[in-house]
Amino acid sequence: MKSANPGSRRKKIILYYILAVVLPGIILGYMAYRGIRNDQALREAESRRRLEMDNQDFFSGVYSSLIKFMNEQTSDSVLLSGKYDPSLLVLFVQEVNGSKKLVTHQLLYLPAELFTFKSKQFNLQFNLDKGFRLEFSENRLSEALKFYQDKVLKTDNPEEKIIALVASARIYNKMNQPESAKTIYEEIRKDYSGNLLNGEIPLGLIAGLEILKINRALGEKEEMRNNSLQYLQLLLHPSCDYDENQFDLFYQSFKEIMQETDPVADSLLQMLNTQRSRTDYLIRILTGTDLITTGSNNQYKRINNEILCIPVNVAELVVMYLLQDNSTGIQTCMVIDFPVYLKSVSEKLADNLDPNSSLNLKIEDNNGKIIYSRIFKEGTSYISFPFPENLPGLKLLLSENKPGFVAALFKAGSGIYLFIFILIILFMILGYVFTIYALNTELRLNKMKSEFISNVSHELKSPLTSIRMMTEMLHHNRVGTEERKSAYYSAMLEESEHLSHLIDNILDFSRMEDDRKKYDFIDLDLNELLVKFIESTRENLPESGFNIHYSSPDKVPMIQADRDSMLQVIYNLVDNAIKFSGTSTQIDINLFSNNNELLFCVKDYGIGISVKDQERIFDRFFRGDEPQRLGIKGSGIGLTIVKKIVEAHKGYLTMDSRPGEGSTFCVHMPINKNTKS
Ligand code: ADP
């Protein structure tokens, strides 16, 4: 029998593992890794190309939406309803002779040239002279008041009504009745904010100022605060047109009345200042004193040969000047707040561009302030595209949503290397598990082998010792009676037969392990073999008190078998039955035959086999827990040999056992079947 050094075997297994699994794994892994990197680079290039196309598509979308926007804002329906887009800062028409007509605007005040154009011709045909006379020349205030109030109720002329209302409030003030004056001013502010007094003074603002003055005089702090906010809102969103001087006047007057303001008013004043500088810039653009007229128009790109787009980035003003000339030479010009415009159109443009929501899109100004964003997954790497030259200098940031790990894995083509990589890792893990398993099995087998050697040595030694002792006694004539001598001889015979079987077992096991075992198949009468074996066993066991019961059918068919091997099978099964009988002394051996097979069973009533051990009793070197605990000797190869011999005869073994009740082993042999090995 071969026994290898466990340490060197372990090293060998580890070496094989490294050569067969780790090395190829590392090489393949490296290749797959390179593949993944290449794949990634390809995908990134492809993604960049797609994003560049998206970028172009986005801007052609912006251009066509600008043309659409311009047409919409100058369409009859919008002009009539006056509902212009919030991003539209100024819309004006320039006649062939160069004169400008302002259509709509979001300016705080107007430049003189446009203002004069807009100002209405004031109709001075009022009949309020009597009131003025009573009020100013004769100082008959109550009568004057009565006259004005009467006018307010009766006149059909709105200008007249307004003047009469203002005069009534003025008289209440003179008569020291501020509450009444305030009520009238509140009415004026509410109903006539958009009107101009005498064709030039904005009524809403003048009424607002008067109310604030009264509030201050009466010490109405809370009311004054609310009114000041209203006043500032009106300055910020004027409801009628006036020029810069008037704006300044109202602005300064407010500051004089309101010595102290609160945070809300402060922020409104702040906004007012910003708006003011924006207004100044817009007026410069509008009047053509800045930017637009410098250089020739050719330097700016036209969209579809239709609209001339001129970007303007100054201070906080990011606007677009759009110009469209019609066939008669009249030009329509507009200035749009570009960020506000972008906010309103980008959502739709992005949706058209990317219906599958796989694109992250951001628009930023040069300071990194986000103007618009549509993000599905934050943290992805963006590619920044500057806006085209004829649009303000903003940036479009685009990134694709990367597919998830699993999606990338199964995406045709691109995930293949990743897939291979994972396979390799799995392969290495499997290899590792297998190696550990092989190592453990090897170690266990080695342990069993050394136990086997010590068990076998023990089993060889005890019969030898008793033979030797008995031989010595006989040799020195220390055995008295003939009867005892004969007992000694038969004991020696039994022990040497046991030894011989044991050695047969070991030799056979070794041959079987190396596939060297040869069988000499002959026609064998199993009944005769069993009878002879049982007789000799009975003879050798006179004192043990074992009762071996044997039964067989009348007619027993012959089988093809190797005689010595069959004897060994019988010996091992009966020897086990005797060894594991415990306190029982009964053993039954039965021979049966049926159509196909001849079978014999060896049944004992001993310790039985635990369910756990039943699975392994045919494994080489295996010995049950219970026999070891009870100190029953054995080598663990008996049943292995039995099984191999029976299988070499094309037969099979069955076993039935219950712990504490006994075991039955049956050998099933085929009848009339030639089996040569
Ligand atoms: P050994 O008998 O030398 O231990 P075997 O290969 O003959 O080796 O048997 C393996 C194990 O099977 C035994 O150690 C024992 O646990 C169990 N076994 C075999 N035959 C019997 C039996 N008749 N009764 C109980 N246990 C048995």
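Author: Let's start with a term: a polar contact is a pair of N or O atoms within 3.5 Å. Keep in mind that this is a predicted model.

Reader: OK, what makes the G624 approach to the ligand a polar contact?

Author: A backbone N or O atom of G624 lies 3.1 Å from an oxygen atom of the ligand. The cut-off is 3.5 Å, so the pair counts.

Reader: Which atoms of D604 and S635 come up against the ligand, and at what distances?

Author: For D604, an N or O atom in the side chain is 2.9 Å from a nitrogen atom of the ligand. For S635, a polar backbone atom is 2.8 Å from an oxygen atom of the ligand. Both values are within 3.5 Å, so these are polar contacts too.

Reader: Which residues around the ligand come nearest?

Author: There are 19 residues around the ligand, and N576, K579, D604, S635 and L639 come nearest.

Reader: Switching to domains, why is the D337 and R278 pair called a salt bridge?

Author: The two side chains meet at 3.0 Å, N to O. A salt bridge needs a side-chain nitrogen of Lys or Arg within 4 Å of a carboxyl oxygen of Asp or Glu, so D337 and R278 qualify. The count between domain 1 and domain 2 is one salt bridge.

Reader: What does the domain 1 side of that contact consist of?

Author: Its residues divide into 10 nonpolar, no polar and two charged. Elements giving two or more residues to that side are β1 (88–94), β6 (307–314), β7 (317–325) and β8 (331–337).

Reader: How much area is buried between domain 1 and domain 2, and which atoms give 79% of it?

Author: About 850 Å² is buried there, and carbon and sulfur atoms give that 79%. As for spacing, the C-alpha centres of domain 1 and domain 2 lie 38 Å apart. The contact itself takes 12 residues from domain 1 and six residues from domain 2.

Reader: And what makes D248 and R276 a salt bridge?

Author: Their closest N and O atoms are 2.6 Å apart. That is within 4 Å, so the pair passes. The partners are 28 residues apart, with D248 in helix α10 (residues 244–257) and R276 in helix α11 (residues 263–286). A search of the whole structure finds 33 salt bridges.

How values were computed:
Residues numbered from 1 in each chain as written. Predicted model: local features only at pLDDT ≥ 70, side-chain atom pairs only at ≥ 80, totals over all residues. Heavy atoms only, no water. Domains from an automatic or database assignment. Contact = heavy atoms within 4.5 Å. Buried area = accessible area lost by both parts, 1.4 Å probe. Helix = DSSP H or I, 4+ residues; strand = E, 2+ residues; numbered from the N terminus. Nonpolar A, V, L, I, M, F, W, Y, C, P; charged D, E, K, R; others polar. Near = heavy atom within 4 Å. Polar contact = N/O pair within 3.5 Å; in protein donor to acceptor, adjacent residues only side chain to side chain.
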